[in-house]
Amino acid sequence: MSVVELARPVEKPRATPKGPRRRVTAWHRWLSPLALLVVWQIASATGLLPERLLAAPAAIASTAVELTQAGTLPTAIGVSLQRVLIGFLVGGAAGIVLALAAGLSRAGENAVDPIMQALRALPFFGLIPLFILWFGIGEEPKILLVALAVSFPLYLNTFSGIRGVDGKLAEVATTLKLSRGQLIRHIVLPGALPQTLVGLRQALGVAWLALIVAEQVNATTGLGYMINDAREFLRTDVIVVGLLVYSALGLATDAIVRLLERRALAWRRGFLA
Amino acid sequence: MATRLSGVARAFGDRVVLDSLDLELRDGEFTALLGRSGSGKSTLLRALAGLDPEVTGTIDVTDSVAVAFQEPRLVPWKRLLANITLGLDAPVSKAKEALAEVGLSERSDAWPLTLSGGEAQRASLARALVREPELLLLDEPFSALDALTRITIHQLVLELWARHRPAVLLVTHDVDEALLLADRVLVLDEGRIAHDISITADRPRHREDPGLVTLRTTLLAALGVSPEGRS
Ligand SMILES: Nc1ncnc2c1ncn2[C@@H]1O[C@H](COP(=O)(O)OP(=O)(O)OP(=O)(O)O)[C@@H](O)[C@H]1O
Ligand SMILES: [Mg+2]
């Protein structure tokens, strides 16, 4: 009956697929991308799509294998990963420490929040020229750009997470005679965690973005350098390999956060399911 | 230390909820607090628990207070047992005992959001009882329980009260519950204690006890309800 159909709740995006019917549809979803690949390959083979503009899927695959065997790709990935990791750790730590300072006291909020709100309006990719002037073209400007990009989503989300903790639970903490330290550890931080994790996912997204931009502008190593270098020699296959690696790394880090979410927010699962 | 309130007042905007209220809760006394919905019972409890910084007047109260709020207010990211032990000095075995007493041993690993309303309410009660305070504030702690569970939990509260002799202030809407459990019944109306009635009948009590039947009529009248008109 149509009324029943309408009344059914909207499917949750992360609901686990159930039953054979779902599996069939999941398989169906691979058809159109595969078809696109085939069309692309044919277009390349017939010369309709010149290699100068975009290499053929098969050529891209074999280039990926070559670059891996030659060690060029693993080295570039290692360099880029290191930049993201260090930048992420530095920026993440800064964002969270500042959020704690602002979230846990009015004085802290007055000291930190206006500055963060002002800086937040800054287009941070526009800072690249300044960063180059200040730090040259070594690792620092790249790592710093990543750190800067990461710190804001973590700051904003953690801060609002802390402020959003249910006041009724704070009252419970008072009646249970929790110390301030215990209140923060048992109520405030876990209460802010869901929002911090949202910030973490946003932060990872912008971390990769910041890295790509920084590496395009000036680099002598890393994935961005590999891509830029390839452009000079019209190697569209290498460029596409580089882009695919970027997206694979982005997806991988996102999956890690999701895993983290699932473990850290287990208390909500029974409720949401 | 007895609990004393004098001239206690609280208003939300123009709405005066507590109006120069005087009250003494004696040590070891079981007091029930009745009053219409919105009469200020929870407001009074919050004041006693030291949770309301805006209340005025003198409140003389022990530090050793435990509260079971009107909503269970369990900490959702702590499993049930961890909720009971939170801020508790006593050993974990005491917390487990407390859960067993409210019939929740098997759920001690459960996340609070997966508990039923009555289960959450019992857990919240256990969390308050296990602290063995000098003053126990219970805000409608039995409202989500079925009739049978309610009788069991009444017994439990009476036993714990007899064992440690805290002063108890129990908010309830149920006149019979007040008559069965309390030494003293208060009615809150117009921001003050409008009625203060002692109950001297021996426990265990029965609803049909002629003394209680008379008191029930008195209390219902005090609440503005005639017994015949009550379904
Ligand atoms: N934070 C608040 N802001 C504004 N009004 C409030 C607030 N808290 C309580 N009130 C009002 O004060 C009055 C008393 O509330 P209270 O919760 O003490 O009632 P109660 O006697 O416990 O009622 P119930 O039996 O329904 O629980 C109500 O009219 C309520 O709307
Ligand atoms: Mg109330």
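Here is a walk through this structure, from a ligand site to salt bridges and then to a patch on the surface. Keep in mind that you're looking at a predicted model.

Let's start with ligand 1. It has 14 residues around it, and the closest are B:Arg15, B:Ser37, B:Lys41, B:Ser42 and B:Thr43. What kinds of residues make up this shell, by class? Eight are polar, four are charged and two are nonpolar. If you trace where they come from, strand S2 (15-25) and helix H1 (41-48) of chain B each supply at least two of them. H1(B) gives the most, with three residues.

Now zoom in on the atoms. The side chain of B:Ser37 has an N or O atom 2.6 Å from an oxygen atom of ligand 1. For the side chain of B:Arg15, the matching distance to a ligand oxygen is 2.7 Å, and for B:His173 it is 2.9 Å. Taken alone, ligand 1 would expose 630 Å², and the protein buries 61% of that.

While you're in chain B, follow the loop between H1 and strand S4 (56-60), where you'll find B:Asp52. Is B:Asp52 buried or exposed? Its relative accessible area is 7%, so it counts as buried. The side chain of B:Asp52 reaches the backbone nitrogen of B:Glu54 at 3.0 Å.

Next up: salt bridges. Side chains of opposite charge can pair when their charged atoms come close. Searching the whole structure turns up 28 salt bridges over all chains, and here are a few to look at.

One of them joins A:Arg106 and A:Glu109, with their closest N and O atoms 3.0 Å apart. Both sit in helix H6 (residues 106-120) of chain A, and because they are three residues apart there, about one helical turn separates them. The two partners have contrasting surroundings: A:Arg106 is exposed, with a relative accessible area of 59%, while A:Glu109 is buried at 17%.

Another salt bridge pairs B:Arg73 with A:Glu171, and here the closest N and O atoms are 2.8 Å apart. This pair crosses between chains, running from the loop between strand S5 (65-68) and helix H2 (80-85) of chain B to helix H9 (residues 167-175) of chain A. B:Arg73 is buried, with a relative accessible area of 13%, and A:Glu171 is buried too, at 15%. These two also belong to a network of salt bridges that links A:Lys168, A:Glu171, B:Arg46, B:Glu71 and B:Arg73.

A third example stays inside chain B: B:Asp174 and B:Arg150, whose closest N and O atoms are 3.4 Å apart. It links distant parts of the chain, since B:Asp174 is in the loop between strand S7 (167-171) and helix H6 (175-181), B:Arg150 is in helix H5 (residues 147-164), and they are 24 residues apart. B:Asp174 counts as partly exposed, at 24% relative accessibility.

Finally, head back to chain A and its surface. Which residues form a nonpolar patch there? They are A:Leu130, A:Leu133, A:Trp134, A:Phe135 and A:Leu144, with about 520 Å² of accessible area together. Helix H7 (residues 128-135) gives the most to this patch, with four residues. A:Trp134 is in helix H7, and it counts as exposed because its relative accessibility is 55%. Compare that with A:Ile143 in helix H8 (residues 139-163): its relative accessible area is 17%, so A:Ile143 is buried.

Key: Residues numbered from 1 in each chain as written. Chains lettered and ligands numbered in written order. Predicted model: local features only at pLDDT ≥ 70, side-chain atom pairs only at ≥ 80, totals over all residues. Heavy atoms only, no water. Patch = residues over 30% accessible without salt bridge, like charges linked within 9 Å, V, L, I, M, F, W, Y side chains within 5 Å. Areas by Shrake-Rupley, 256 points an atom, 1.4 Å probe, with all protein chains shown as cover. Salt bridge = Lys/Arg side-chain N within 4 Å of Asp/Glu carboxyl O. Helix = DSSP H or I, 4+ residues; strand = E, 2+ residues; numbered from the N terminus. Buried < 20%, exposed > 50% of the residue type's maximum accessible area, 1.4 Å probe, protein only. Near = heavy atom within 4 Å. Polar contact = N/O pair within 3.5 Å; in protein donor to acceptor, adjacent residues only side chain to side chain. Nonpolar A, V, L, I, M, F, W, Y, C, P; charged D, E, K, R; others polar.
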